[in-house]
Structure formats: C-alpha cells, structure tokens
Amino acid sequence: MANVTIIGAQWGDEGKGKVVDWLASRADIVVRFQGGHNAGHTLVVGNQTYKLSLLPSGLVRGKLGIIGNGVVIDPQALLAEIDRVRAQGLTVTPETLRVAENAILILPLHGALDRAREVARGERKIGTTGRGIGPAYEDKVARRAIRVCDLAEPQVLSDKLDELLLHHNTLLAGLGAETFDKQALLDQLLEWAPKILPYAEPVWERLDEARRAGKRILFEGAQAVMLDVDHGTYPFVTSSNTVAATAASGSGMAPATVGFVLGIAKAYCTRVGSGPFPTELHDDIGRKLGERGQEFGTVTGRPRRCGWFDAAMVRQACKVGGIQGLVMTKIDILDGFPEIKIGTGYRINGRAYSYLPAGQMAQAAAEPIYETLPGWSGTTRGARSWGELPAEAIKYVRRIEELVEAPVTLLSTGPDRDDTILMRDPFEG
Ligand code: GDP
Ligand code: IMO
Ligand code: MG
C-alpha cells in the first residue's frame with residue numbers, strides 16, 4: 001500500500017492540517033519532515049479547534065507522530081505546544097511522539113537574529129515569522145548547529161556554544177541587538193534536556209521497520225512550493241525545501257517511500273509576508289475573500305493577502321514539487337461570487353509566459369493573464385458528495401484540473417474534518 005505525502009502548492013495555509021487530519025484515519029504514522037514552528041496547521045474536529053505548529057497533525061487521531069531530522073525544533077515551543085494540546089485532551093507521550101535525534105535546535109538567539117535582520121532590512125523585509133527558522137537552517141549548513149542528541153552531551157553543548165556565540169554575538173552586536181550569555185544558554189539547554197531527550201531516537205530506524213511491516217506513512221509538509229528555498233519566489237521564501245522530495249531526506253527514508261504526492265491548494269490564493277503575488281487583489285473582492293475565508297495567519301495573526309487562483313503557478317508547483325493529485329480547499333469561500341477568475345499565465349514586460357520566471361524583477365512585474373468563469377448561486381459549503389455541488393462549481397474544478405495538469409483528488413468544502421469529498425483514495429496510489 002502506497003504512502004502519501006502532503007505539501008502546499010501555493011504560499012502556505014492551504015489547509016494542509018485539515019487534510020492530514022482527514023487522511024490520518026487511513027494512516028499508521030504521520031511524519032513532519034521540514035520547517036518548524038513557522039507552520040500553523042488548524043484542525044477543526046466538531047467543536048474543538050487544534051492549532052499545531054510542530055506536532056504532526058496525526059496526533060489528534062491518536063496516530064504515532066514523528067518529527068524528522070529535516071525539522072528545526074525550538075525546545076521551548078515544542079514543550080509549550082505539548083502542554084497546550086494536552087490541556088485540550090490529547091495524549092502526547094514518548095509512546096505517541098518521537099523526535100529525530102539528529103534534528104536541529106532553534107535557540108533564543110536564532111529568533112533574536114531573525115527579528116534584528118528583518119528590522120535592518122526595513123522596506124525590503126521578507127516578512128518572516130520571526131521565529132528563528134532561517135538562522136537555524138543557516139547554522140545547520142554551516143555545521144555549527146546544536147542538535148537534539150547534543151542535549152545528552154554537556155561537553156559538546158559547551159564547546160558548540162562557544163562557536164555559536166562567537167558567530168551570533170558578533171552579528172547581533174553589529175545589528176545593535178542584545179547579545180547572549182553562554183552560561184545562561186547552557187543552563188537553559190541543560191534544563192530542556194531531560195524534557196526533550198525521552199522523545200529522541202534514530203527515527204529512520206523506526207520508519208524503516210514500519211515500512212517493512214507494511215505500515216502506512218503519511219508525510220506532512222509545512223509551508224509550500226512557492227516558499228521553497230530553491231523553487232519559490234526567492235528571496236521571499238522560507239529556509240527549507242518544501243517539495244515532496246524533502247519527505248525522504250527530512251526523515252531518513254528512501255525516495256520511493258514518499259508515495260503518492262498530494263498538493264494542497266485553495267480555490268483562490270493567499271500569501272502572508274512580502275514578495276510577488278501576481279493575482280493579488282487590492283479591491284473589494286480581495287477584501288471579501290479575506291473576510292469570508294478568515295484569512296489571518298495562524299502563527300502571527302497578520303492579515304493574509306488574497307487573490308484569484310493562479311493556475312500557472314500551481315501548475316509549476318506541481319511539476320517542481322512532484323505533485324500527482326490536488327486537494328482543492330475552501331471552495332465554499334467562492335460561493336455567491338457572480339464571476340470567478342483564474343490566472344492562466346503572465347505578461348512580463350510585454351512578453352507572455354506560461355510560468356513564473358526566476359528573476360526578481362520579472363516576478364515583481366508579472367501581470368496575470370485571466371480567464372473568467374461564471375460563479376454559482378447555490379452553495380458548496382459543507383457538501384460531502386460531488387452530487388451536492390452546483391454545476392458551475394464542478395466546471396470550475398474541472399477547468400482547474402485541465403490548466404494545472406493534475407487531477408483533483410479531494411475537495412474540501414468547510415473547515416470541519418468531515419466537510420470533505422473524496423474523489424480518489426490517495427493511499428490506493
Ligand atoms: P495549513 O497551514 O496549510 O495547515 O493551513 P492553515 O490551518 O494555516 O489555514 C487554513 C485555514 O482554513 C484553517 O483555518 C482551516 O480551518 C480552514 N479550512 C481548511 N479547509 C477549509 C475549507 O474547505 N473551507 C473553509 N471555509 N475553511 C477551511
Ligand atoms: P504553514 O505550514 C504561510 C512565510 C512567512 C514569510 C516567509 C519566511 O502554516 O503553511 P520564515 O519565518 O519561514 O523564515 O518566513 O515564509 N511562511 C509561511 N506562510 N504559511 C506558513 O506555514 C509559513 N511559514 C513561513 O510569512 O513570508
Ligand atoms: Mg498555516
């Protein structure tokens with residue numbers, strides 16, 4: 001039986017958490033493989049709402065959750081999130097949650113550097129979540145990061161802190177920000193150690209055993225292809241690879257175990273933070289999408305920028321991200337619009353493009369080429385079968401399938417777990 005990997009096909013917040021939760025009933029294990037607590041995944045189950053940042057969304061279904069080596073972990077954020085979901089009645093123990101011993105830690109100095117650099121960038125800021133994600137990944141590739149396993153080796157911690165602080169305090173002082181004290185950081189790490197280490201293990205081994213035993217693994221992506229550090233709208237991206245291939249390297253599994261790749265896309269488009277967004281709407285329609293869709297960032301509370309569905313961008317995301325099937329979410333937010341537009345390509349400096357080229361100036365200048373479809377007067381909200389959908393809504397979905405060159409596998413018609421229409425079981429491959 002195939003595994004399934006879920007990734008965002010736009011700029012994040014497409015509803016990955018909801019879809020992972022829905023599919024988790026068919027899975028045995030849910031694995032996070034990149035990103036950190038910049039992610040905010042909202043799950044609505046009856047009258048309970050869960051907001052998860054680091055914990056794999058399958059925990060809500062009582063499925064084993066694994067945080068892979070590709071994730072950057074802020075121990076304080078992880079412990080706080082565990083406390084928060086326990087207060088909501090979920091069980092999180094070393095039996096239900098395992099953390100890769102070789103995952104990277106985010107320390108308070110990473111958040112401080114992230115925020116100080118954003119201030120220094122002024123108008124050219126990226127609009128990061130300020131949670132230290134970029135600086136932590138930088139330390140990883142620079143080979144000076146502290147990893148989960150280091151919490152068991154105080155001498156290693158002490159030595160690594162010397163190197164880390166030499167680097168970070170120099171930068172922080174140069175930016176006019178407060179510097180960090182080694183002893184205080186060491187004490188903090190040693191206090192976290194006994195709380196984090198019981199969850200730590202070589203998760204690759206457990207995952208390999210699970211694979212050989214025929215267990216179904218669901219990989220839960222964070223962020224989205226257009227925020228991928230290689231394939232996204234660089235430099236307005238996050239600091240990890242968000243494409244499906246990362247599910248393998250970010251968990252210690254073979255590329256083939258990634259299985260069927262589902263890309264999640266809203267029926268329109270949103271973005272938080274800075275950067276190009278060709279189909280963005282600055283008018284009443286954009287405001288209406290934001291209000292009806294309750295488009296506020298889960299992590300930062302910032303209003304999300306809204307616009308029409310950009311089929312050229314999602315087509316590109318499918319190709320580079322490895323997406324084989326699409327999940328279209330929030331189609332209910334389009335209910336009642338007299339007409340609906342779909343971006344099918346771009347005009348950049350007088351030339352037509354079917355894709356978004358990489359150049360920063362070109363991306364900023366991209367004007368969408370639109371196709372207009374009739375809206376529908378009925379409602380899609382809460383529909384649980386294809387037959388309940390207005391004919392125009394079906395036509396909209398079908399047209400997007402053609403333009404994006406990928407089939408719609410699932411349709412989401414409301415925030416609740418059960419407001420979902422299954423068209424093809426992704427676990428069947
Ligand atoms: P993620 O980061 O991709 O997991 O997405 P977020 O949780 O940040 O944002 C998606 C928001 O849309 C959440 O508040 C979900 O509860 C909500 N949502 C998901 N699917 C649907 C849907 O089909 N319709 C509506 N109205 N809301 C949805
Ligand atoms: P989920 O998993 C939407 C955006 C930030 C910023 C850029 C870089 O909920 O879809 P970072 O803090 O990662 O260095 O910020 O990426 N961003 C997200 N936008 N959803 C997310 O996660 C995001 N994670 C990061 O707003 O523009
Ligand atoms: Mg989110």
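# Reading domains, a metal site and salt bridges

Author: In this predicted model, about 3700 Å² of area is buried between domain 1 and domain 3, and carbon and sulfur atoms give 63% of that area.

Reader: Why is an area used to describe such an interface?

Author: The size of an interface is often given as the accessible area lost when the parts come together. Here, the parts in question are domain 1 and domain 3, with the value of about 3700 Å².

Reader: Into which domains is the protein chain divided?

Author: Domain 1 is made of two stretches, 4-100 and 199-260. Domain 2 covers 104-196, and domain 3 covers 265-428. To the contact between domain 1 and domain 3, domain 1 gives 43 residues and domain 3 gives 46 residues.

Reader: How far apart are the C-alpha centres of domain 1 and domain 3?

Author: These two centres are separated by 23 Å.

Reader: How many residue pairs are in polar contact across the interface of domain 1 and domain 3?

Author: There are 18 such pairs, counting residues that are both at pLDDT 80 or more. On the side of domain 1 that touches domain 3, the elements giving two or more residues are β1, α1, β3 and β10 (217-220). The largest share of that side comes from α1, with 5 residues.

Reader: Which residue of helix α1 may serve as an example, and is it buried or exposed?

Author: Lys-16 is found in helix α1. Its relative accessible area is 4%, so Lys-16 is buried, the limit being under 20%. Beyond its neighbours up to four places away in sequence, Lys-16 touches Ile-6, Ile-7, Gly-8, His-41, Gly-221, Ala-222, Gln-223 and Ile-264.

Reader: How should a salt bridge be read?

Author: The general idea is that side chains of opposite charge can pair when their charged atoms come close. In this structure there are 27 salt bridges, and 3 salt bridges are counted between domain 1 and domain 3.

Reader: Where do Arg-26 and Asp-425 lie in the chain?

Author: Arg-26 forms a salt bridge with Asp-425, and their closest N and O atoms are 2.8 Å apart. Arg-26 belongs to the loop between α1 and β2, and Asp-425 to the segment after β20 (420-422), so this pair ties together parts that are 399 residues apart in sequence. Arg-26 counts as partly exposed at 27% relative accessibility, whereas Asp-425 counts as buried at 15%.

Reader: In which helix do Asp-284 and Arg-287 lie?

Author: Both residues lie in helix α9 (residues 284-292), where they are 3 residues apart, about one turn of the helix. The closest N and O atoms of their salt bridge are 2.6 Å apart. Asp-284 counts as exposed, at 55% relative accessibility, while Arg-287 is partly exposed, with a relative accessible area of 47%. Elsewhere, salt bridges that share partners join Asp-13, Lys-266, Glu-295, Arg-304 and Lys-330 into one network.

Reader: What is the N to O distance in the salt bridge of Arg-206 and Glu-201?

Author: The side chains of Arg-206 and Glu-201 meet at 2.5 Å, N to O. Arg-206 is partly exposed, with a relative accessible area of 31%, and Glu-201 is buried, with a value of 10%.

Reader: A metal site is read through its donors. Which protein donors does the magnesium ion (ligand 3) have?

Author: The protein donors are Asp-13 (OD) and Gly-40 (O), which lie 2.0 to 2.1 Å from the magnesium ion. The pair links distant parts of the chain, 27 residues apart: Asp-13 is in the loop between β1 (4-8) and α1 (16-24), and Gly-40 is in the loop between β2 (29-32) and β3 (41-45). Asp-13 is partly exposed, with a relative accessible area of 22%, whereas Gly-40 is buried, at 12%. The side chain of Asp-13 also meets that of Arg-304 in a salt bridge, with an N to O distance of 3.0 Å.

Reader: Finally, where does Gly-132 lie, and is it buried or exposed?

Author: Gly-132 lies in the loop between α3 (108-121) and α4 (133-141). Gly-132 is buried, with a relative accessible area of 0%. Apart from residues up to four places away in sequence, Gly-132 touches Ile-106, His-110, Gly-111 and Asp-114. From Gly-132 to Arg-398 the C-alpha to C-alpha distance is 41 Å, and these two residues are 266 residues apart in sequence.

How values were computed: Residues numbered from 1 in each chain as written. Chains lettered and ligands numbered in written order. Predicted model: local features only at pLDDT ≥ 70, side-chain atom pairs only at ≥ 80, totals over all residues. Heavy atoms only, no water. Donors = N, O, S within 2.8 Å, 3.2 Å for Na, K, Ca; no water. Helix = DSSP H or I, 4+ residues; strand = E, 2+ residues; numbered from the N terminus. Buried < 20%, exposed > 50% of the residue type's maximum accessible area, 1.4 Å probe, protein only. Domains from an automatic or database assignment. Contact = heavy atoms within 4.5 Å. Buried area = accessible area lost by both parts, 1.4 Å probe. Salt bridge = Lys/Arg side-chain N within 4 Å of Asp/Glu carboxyl O. Polar contact = N/O pair within 3.5 Å; in protein donor to acceptor, adjacent residues only side chain to side chain.
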